[in-house]
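Me: I should like to go through the reasoning behind several labels used for this structure. Please set each value against its definition.

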Amino acid sequence: MSHEAISVFDMFKIGVGPSSSHTLGPWKAALLFLVSLEEKKILQQVKNIEVLLYGSLAKTGVGHGTSIAVQLGLCGEDPVTFDVKNIAAKMDDISNMKKIVLNGRHEIDFDPQEDIEFLFTESLPFHPNALTFLVNLTNGDAFAETYYSIGGGFVIKEGFIKDEKKEIILPFPINTAADLLHWCIRTGMNISEVVMENENAWRPEDDTKKGVRAIWKVMKECMYRGCHTQGNLPGGLFVKRRGFDLNKKLLQQRSYHDYESWTEAIRQGGNDFKYILDWVSCFALAVNEENASFGRVVTAPTNGAAGVIPAVLQYYIIFCDGNTEDKIIRFLLTASEVGCIFKKGATISAAMGGCQAEIGVSSAMAAAALTECMGGTQKQTLMAAEIAMEHHLGLTCDPIAGLVQIPCIERNTMGAIKAITACQLALQSSPDYAKVSLDGVIKTMWDTALDMNSKYKETSDGGLAINIPISLSEC
């Protein structure tokens, strides 16, 4: 098996909700297409552009904001820094003027209603999340490029040939959980230490730590914002935000003024089981309500599953004495490596594998991270990841109205709680007696994905998406 080098910053990406594969991926694809136009020195010769959305991108693209993402990408906007408050105004300008400024430099006629086509009945063989850019030039020439959004914000250009000479050579190449355990045993290092050594192949360690701190900053700001924003979610289902009310109820009028004092106010409430359980749910709800509102989030490993890892990490910080920079970095490095192994051995795309590929993977990542940080051995850490995924096998992706709301938001609470339970089980178990390995469950997950009917793979053609009238309230 050839080695694929994936960094922590490939697995954790700062972007905009509601979907890493249907929003962030198409956005990045449009940016890559602009790079292609610039490299060919034909940006100024573009007369018009048509965008074709295939398969899952077409079927749930409206609810996921795919057309919005494509337009922002074509404008050259950066998903990491673009002010999400300006999305509506930007879309109104393009729609009303029927013009778009490619890469902020070249204006062309563009009508989103005419020039973005949703091909609901067509799918390309490589991956269900495909989009094609068709271009006509002023000299009469035309050409097209196709991109695939393969999950978690990862994008592949059709026909792209990887340059093996430019591949990063890692000191500890890892494709499987067995590989990871091998390096841990051989070096005596824990998982996060192995990951950091690999990250050093890309950049100095201080830069990695700075980047991971930035990832956590966006996560906690998203969580805090979600706990302090009320109202209904956009999209037409009129789902009421619950993070705000739950946060207010649990705090019982304890005062605070920022994130730090907020976490201290939560800690003052004690450690009753039900109290902790409610807070973990609140943390996860808050993140994914922000995600559903086109807020700034971190793919972990996807947007639809973005609430699991922050919720479990916040649990660790508040209730398990994890509030130090080194512990937070260790948590996120461990989580990222488990996500990488799932991506290499199976998928992190719901359009390929159902929700087991998103919530299941995020739960496994969080379980492993928490276990290492709670003092578990390397084998216990991998065992926790296996336990978490084992109990998400077969989970379908069937979003009502194609929105990342029902059942997606609540599923993040379930994934977080399962991660904590998996951690506790692993810490109280001997991995030497385990019957199922992490690699075994990853293979099983992929087999299940291949067997799963396409209507349960983010198409909204089955499951809850067709059995729950959208006029009914959630639950």
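Me: How do the residues of the lining of the second largest cavity divide into nonpolar, polar and charged?
Reply: This is a predicted model, in which local features need pLDDT of at least 70 and side-chain atom pairs count only at pLDDT 80 or more, whereas totals for chains, interfaces and linings use all residues. Residues are numbered from 1 along each chain as its sequence is written, and side-chain values use heavy atoms, with hydrogens and water left out. The lining of the second largest cavity comprises 8 nonpolar, 2 polar and 4 charged residues. Ala, Val, Leu, Ile, Met, Phe, Trp, Tyr, Cys and Pro count as nonpolar, Asp, Glu, Lys and Arg as charged, and the others, Gly among them, as polar.

Me: What makes a space a cavity, and what is the volume of the second largest cavity?
Reply: On a 1 Å grid over the protein atoms alone, a cavity is a set of points where a 1.4 Å probe fits but cannot get out, and lining residues have an atom within 4 Å of a point. The volume of the second largest cavity is about 70 Å³, a volume being the space filled by probe spheres set on the points, which are joined across faces, edges and corners. Of its 14 lining residues, Ile6, Leu170, Ile174, Asn198 and Glu337 are the closest to the centre. Two or more lining residues come from each of α9 (191–199) and α15 (325–345), and α9 gives the most, with 3 residues. Such helices are DSSP runs (H or I, at least four residues), numbered from the N terminus, while strands are runs of E, at least two.

Me: Which residues are closest to the centre of the largest cavity?
Reply: The largest cavity holds about 140 Å³ of space. Gly304, Glu358, Val404, Cys408 and Glu458 are the closest to its centre among 19 lining residues.

Me: Why is threonine 60 called buried or exposed?
Reply: Buried means under 20% relative accessible area, exposed over 50%, and partly exposed in between (1.4 Å probe, protein chains only). Threonine 60 has a relative accessible area of 1%, so threonine 60 is buried. This residue lies in the loop between α3 (55–59) and α4 (61–64). Leaving aside neighbours within four places in sequence, threonine 60 is in contact (heavy atoms within 4.5 Å) with His22, Gly402, Glu458, Thr459 and Ser460.

Me: How do you know that glutamate 290 forms a salt bridge with arginine 225?
Reply: A salt bridge is a side-chain nitrogen of Lys or Arg within 4 Å of a carboxyl oxygen of Asp or Glu. The closest N and O atoms of glutamate 290 and arginine 225 are 2.7 Å apart, so the pair qualifies. Glutamate 290 in helix α13 (residues 273–292) and arginine 225 in helix α10 (residues 205–226) are 65 residues apart. At 6% relative accessibility, glutamate 290 counts as buried, whereas arginine 225, at 31%, is partly exposed.

Me: What makes the pairing of aspartate 109 and lysine 99 a salt bridge?
Reply: Their side chains meet at 2.5 Å, N to O, and therefore satisfy the salt-bridge definition. Aspartate 109 belongs to strand β4 (residues 106–109) and lysine 99 to strand β3 (residues 99–102). Aspartate 109 counts as partly exposed at 48% relative accessibility, as does lysine 99 with a relative accessible area of 31%.

Me: How many salt bridges does a search of the whole structure find?
Reply: The search finds 20. Lys40, Glu145 and Lys157 are linked in a network of such bridges.

Conventions:
On a 1 Å grid over the protein atoms alone, a cavity is a set of points where a 1.4 Å probe fits but cannot get out, and a pocket is an open set with protein on both sides within 12 Å along at least five of seven lines; lining residues have an atom within 4 Å of a point.
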